[in-house]
Each structure stands twice: as structure tokens, then as C-alpha cells.
Amino acid sequence: MDTYPETERLTPRHFSADDADLLIWLDSDPAVLRRLTGGDRDGQGRDRVG
């Protein structure tokens, strides 16, 4: 069993179907995309060949 830190403001949990709209919104935000993937939409990084 994994143990995750919990605070007054944060309670980690697994994603659920109820989170889909928020995750789609975050994934479509260019600023979030730049932070997470360097701007690469498929998430494979800038050095991806293909």
C-alpha cells in the first residue's frame, strides 16, 4: 500500500470519470502543455523522431 502526504488543503486520490472534463480542459491549455511536455502535444518530447 502506498502512503501519500495529506494536508488540510490536499488529499491525494485516484482519478475518476468525474475528473474527465477538468483533465481535458487542462490538456488543452497551451501554458499547461508547455510546462508538462515542452509544448509537444503527444507528450513524447522535442527529440521524438517520426
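Here is a quick tour of this structure, going from the whole chain down to single residues. Keep in mind that you're looking at a predicted model. The chain has 50 residues, and just 6% of them count as buried. As for secondary structure, you'll find 2 helices and 0 strands.

**The chain as a whole**

- The accessible surface adds up to about 5200 Å².
- Carbon and sulfur atoms account for 53% of that surface.
- Helix α1 covers residues 20-27, and helix α2 covers residues 30-37.

**Asp19 and its salt bridge**

- If you go looking for salt bridges across the whole structure, you'll come away with 1.
- That salt bridge pairs Asp19 with Arg13, and their closest N and O atoms sit 2.9 Å apart.
- Along the chain, Asp19 belongs to the segment before α1.
- The two partners differ in how much of them is open to the outside: Asp19 has a relative accessible area of 11%, so it counts as buried, while Arg13 comes in at 58% and counts as exposed.
- The cut-offs behind those labels are under 20% for buried and over 50% for exposed.
- Leaving aside residues up to four places away in sequence, Asp19 touches Arg13 and His14.
- So Arg13 turns up twice in the story of Asp19, as its salt-bridge partner and as one of the residues it touches, and the pairing earns its name because a side-chain nitrogen of Arg within 4 Å of a carboxyl oxygen of Asp is what makes a salt bridge.

**Helix α1 and the nonpolar patch**

- Five residues, Phe15, Leu22, Leu23, Trp25 and Leu26, make up a nonpolar patch on the surface.
- The patch measures about 540 Å².
- Trp25, one of the patch members, is part of helix α1.
- With 51% relative accessibility, Trp25 counts as exposed, because the label applies to anything over 50%.

**The two ends of helix α2**

- At the start of α2, Asp29 points a side-chain oxygen toward the backbone nitrogen of Ala31, reaching to within 2.8 Å of that nitrogen.
- At the other end, just after α2, comes Gly38, which takes a positive phi of about 70°.

Methods. Residues numbered from 1 in each chain as written. Predicted model: local features only at pLDDT ≥ 70, side-chain atom pairs only at ≥ 80, totals over all residues. Heavy atoms only, no water. Buried < 20%, exposed > 50% of the residue type's maximum accessible area, 1.4 Å probe, protein only. Polar contact = N/O pair within 3.5 Å; in protein donor to acceptor, adjacent residues only side chain to side chain. Helix = DSSP H or I, 4+ residues; strand = E, 2+ residues; numbered from the N terminus. Contact = heavy atoms within 4.5 Å. Patch = residues over 30% accessible without salt bridge, like charges linked within 9 Å, V, L, I, M, F, W, Y side chains within 5 Å. Areas by Shrake-Rupley, 256 points an atom, 1.4 Å probe, with all protein chains shown as cover.
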